[in-house]
Amino acid sequence: MQVTFEEFINLVKAYNPDEVEIITKAYRFAEECHKGQHRESGEPYIIHPLAVAWILANMHADRDTVCAGLLHDVVEDCDVTLEQISREFNPKIAELVDGVTNLTQVDFKSKTERDYANKNKIILGISKDARIVVIKLADRLHNLLTLQYKSQEKRIKKAAETMQFYAPLARYIGAEVLRRKLEDLSFKFLNPEGYVETSKIISDYSNQTQLSTNQMMIDIHRLLEDEKVPHTLKLRIKSVYSVYQRIKDGGKIENLHDFLAIKLLVESKKECYNALGLVHSLYPPMPKTFKDYISQPKPNMYSSIHTTVFGPELVAVQMQIRTHEMEKINLQGLTAYWDLFQGKAVDVMQEILRDKYHFIQSVKELSRIMKNSQDFVQGFEQNVIGDKVAIYDGEHQVFVSAGSTAIDYAYSRGQEIGDRLDSVFVNGQQVDVSTVFEQGDRVHLILSEYPHGPLPGWEHISTTVQAQVSIRRGMRKKYAIHQ
Ligand code: MN
């Protein structure tokens with residue numbers, strides 16, 4: 001990806017003509033600061049902040065975000081202070097730059113400690129301004145795109161860190177397009193053979209099924225036209241890394257019920273359900289594949305109807321039915337709001353982070369329990385942005401970290417609940433408290449009247465950092481009382 005300033009500024013002009021002046025000023029300022037600095041590729045350093053700002057402008061990011069993208073490395077790599085940015089530009093831009101600037105104190109005991117402290121800082125920054133995560137992700141994306149110029153050791157480190165932290169963050173904010181890119185690029189560096197092999201499997205199977213999927217698109221199009229339902233059809237292919245994860249243990253691509261998917265985009269929610277009926281009138285559905293993420297969106301607000309059907313030649317194709325607006329949010333997550341809400345986007349993003357994702361609350365809760373950066377960041381990776389499964393506790397659907405047991409779930413609801421955990425019923429059967437919950441489990445915790453504290457061995461049974469920290473604390477308390 002090589003972008004010139006002219007291309008960049010033309011893109012800005014197209015969606016935000018009023019802010020061209022200040023954005024140009026930010027570019028000139030950054031160019032001056034980075035003068036004489038070079039990337040590992042030998043190119044002038046400025047191509048990096050320019051590329052980051054270009055990625056942001058493609059999302060139609062607001063003025064302050066684009067400026068911060070241009071200026072994101074000047075505090076870290078040049079002798080520029082935040083006060084200076086605040087004076088030259090505005091305090092908001094300075095705040096955003098601060099949010100993505102690494103801590104540079106020299107008193108960290110190790111690189112690992114510094115890395116955790118930096119992630120800790122990013123997480124707390126996001127609580128104040130969601131745009132920090134987007135700038136950070138754009139920065140990471142461009143770093144991965146130019147990773148071939150780094151040493152092998154650095155490549156592996158960056159790629160692994162992306163898989164662990166940045167790609168899940170992208171998924172968390174619903175930025176699916178970004179997540180796919182981050183994951184596939186990292187995967188390529190971490191496992192080059194796996195990447196090539198999986199890509200080949202994907203293209204072979206796609207070619208092999210092309211006639212069937214084409215035929216389906218034609219038939220669905222005709223039927224919806226007859227029924228006068230305005231619509232758009234798109235074929236979507238699963239990303240290399242997601243396919244790899246599903247077939248690495250011997251799975252076959254033709255058995256994935258969602259490898260091939262056709263997106264059917266319509267105008268309204270009502271038409272989604274209408275279209276579902278029409279699709280089922282053409283093709284028989286595969287049992288147990290129907291999901292209604294419109295009535296119950298995923299935690300990151302992904303909304304769609306899914307149903308896998310058998311098309312021509314009995315090829316399994318997942319139909320993803322949703323509105324155009326859902327599609328935009330499904331692909332871009334929080335970043336979709338720059339287009340959907342224009343000037344109010346920043347407030348809307350922060351509101352969603354707080355009220356829909358419960359981000360602020362989770363982070364507050366974590367920082368109350370976790371006393372050092374490492375525990376905090378690991379807890380965050382697990383509890384906040386990690387894989388989740390949905391369970392039912394009474395009437396309520398609850399998302400718990402994948403791998404959670406009753407112990408983890410109890411402590412996720414608070415120290416006291418954990419300390420009172422007695423036994424657990426899953427789907428009506430009493431099971432051991434070490435049993436790992438599965439998607440859709442109906443869970444009922446039996447609590448003792450008074451807290452008895454954690455039992456010996458719980459620390460090793462629990463899988464979440466949060467439960468482990470709470471158990472250690474509970475143990476200390478219990479031990480102190482009995483002394
Ligand atoms: Mn950078």
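A charge is said to sit over a ring if NZ of Lys or CZ of Arg is within 6 Å of the ring centre and within 35 degrees of the ring normal. In this predicted model, K298 and Y302 fit that description: the charged end of K298 sits over the ring of Y302, 4.7 Å from its centre. Y302 turns up in another contact too, this time through its backbone. Its backbone nitrogen lies 3.2 Å from a polar atom of the side chain of N300. N300 itself belongs to the loop between β3 (291-292) and β4 (305-310). Despite its place in a loop, N300 has a relative accessible area of 17%, and since buried means under 20%, N300 counts as buried. R39 offers another case of a charge and a ring, lying over the face of Y45 at 5.7 Å from the ring centre.

Rings also meet other rings here. A pair of aromatic rings is described by the distance of the centres and the angle of the planes. The structure holds 16 aromatic pairs. One of them joins Y172 and F359, with 5.7 Å centre to centre and 55° between the planes, so the pair is classed as tilted, that is, neither under 30 degrees nor over 60. Y172 sits in helix α10 (residues 152-172) and F359 in helix α18 (residues 359-369), so this pair ties together parts that are 187 residues apart in sequence. Both of these residues, Y172 and F359, are buried. Another tilted pair is made by F187 and Y241, whose centres are 5.3 Å apart, again with 55° between the planes. Here F187 comes from helix α11 (residues 176-190) and Y241 from helix α13 (residues 240-247), so the parts tied together are 54 residues apart in sequence. F187 and Y241 are buried as well. Y172 and F359 also belong to one aromatic cluster, along with F165, Y166, Y357 and F380.

Right before F359 in the numbering comes H358, which lies in the loop between α17 (345-355) and α18. Most residues other than glycine have a negative phi. H358 goes the other way, with a positive phi of about 55° although it is not a glycine. With 39% relative accessibility, H358 counts as partly exposed. H60 does something similar: it is not a glycine either, but its phi is positive, at about 60°. H60 is placed in the loop between α3 (47-58) and α4, and its relative accessible area of 27% makes it partly exposed.

Following the chain on from H60 leads to helix α4 (residues 63-71), which is mostly covered, with eight of its nine residues buried. The buried ones are D64, T65, V66, C67, A68, G69, L70 and L71. The N-terminal end of α4 is capped by D62, which has a side-chain oxygen 3.2 Å from the backbone nitrogen of D64.

Next comes the metal site. Which residues hold the manganese ion? H48 and H72 coordinate it through NE2, while D73 and D139 do so through OD, at 2.2 to 2.5 Å. Written along the sequence, the spacing of these donor residues is H-x23-H-D-x65-D. H72 is buried, at 1% relative accessibility, and D73, at 7%, is buried too.

What about the empty space in the model? The second largest pocket has a volume of about 980 Å³. It is lined by 29 residues, and the closest to its centre are E76, N102, R140, K150 and K158. The elements that each give two or more residues to this lining are α5 (74-77), α8 (111-128), α9 (131-145) and α10. Closed-off space is another matter: a search of the whole structure finds one cavity of 30 Å³ or more. About 70 Å³ of space lies in the largest cavity. Its lining is made up of R39, E40, S41, E43, I47, N143, T146, Y149 and K150. Two of these names have come up already: R39 lies over the face of Y45, and K150 is among the residues closest to the centre of the second largest pocket.

Finally, N383 is found in helix α19 (residues 373-384). N383 is buried, with a relative accessible area of 17%. Its C-alpha atom is separated by 9.7 Å from that of V363, and the two residues are 20 residues apart along the chain.

Definitions and conventions
Residues are numbered from 1 along each chain as its sequence is written. This is a predicted model: local features need pLDDT of at least 70, side-chain atom pairs count only at pLDDT 80 or more; totals for chains, interfaces and linings use all residues. Side-chain values use heavy atoms; hydrogens and water are left out. Rings of Phe, Tyr and Trp (its six-membered ring) pair if their centres lie within 6.5 Å; planes under 30 degrees apart count as stacked, over 60 as edge-to-face and the rest as tilted. Helices (H or I, at least four residues) and strands (E, at least two) are DSSP runs, numbered from the N terminus. Buried means under 20% relative accessible area, exposed over 50%, partly exposed in between (1.4 Å probe, protein chains only). Donors are N, O and S atoms within 2.8 Å of the metal (3.2 Å for Na, K and Ca); water is not among the atoms, so sites may look incomplete. A polar contact is a pair of N or O atoms within 3.5 Å; within protein, one must be able to donate a hydrogen and the other to accept it, and residues adjacent in sequence count only if both atoms are side-chain atoms. On a 1 Å grid over the protein atoms alone, a cavity is a set of points where a 1.4 Å probe fits but cannot get out, and a pocket is an open set with protein on both sides within 12 Å along at least five of seven lines; lining residues have an atom within 4 Å of a point. Grid points are joined across faces, edges and corners, and a volume is the space filled by probe spheres set on the points.
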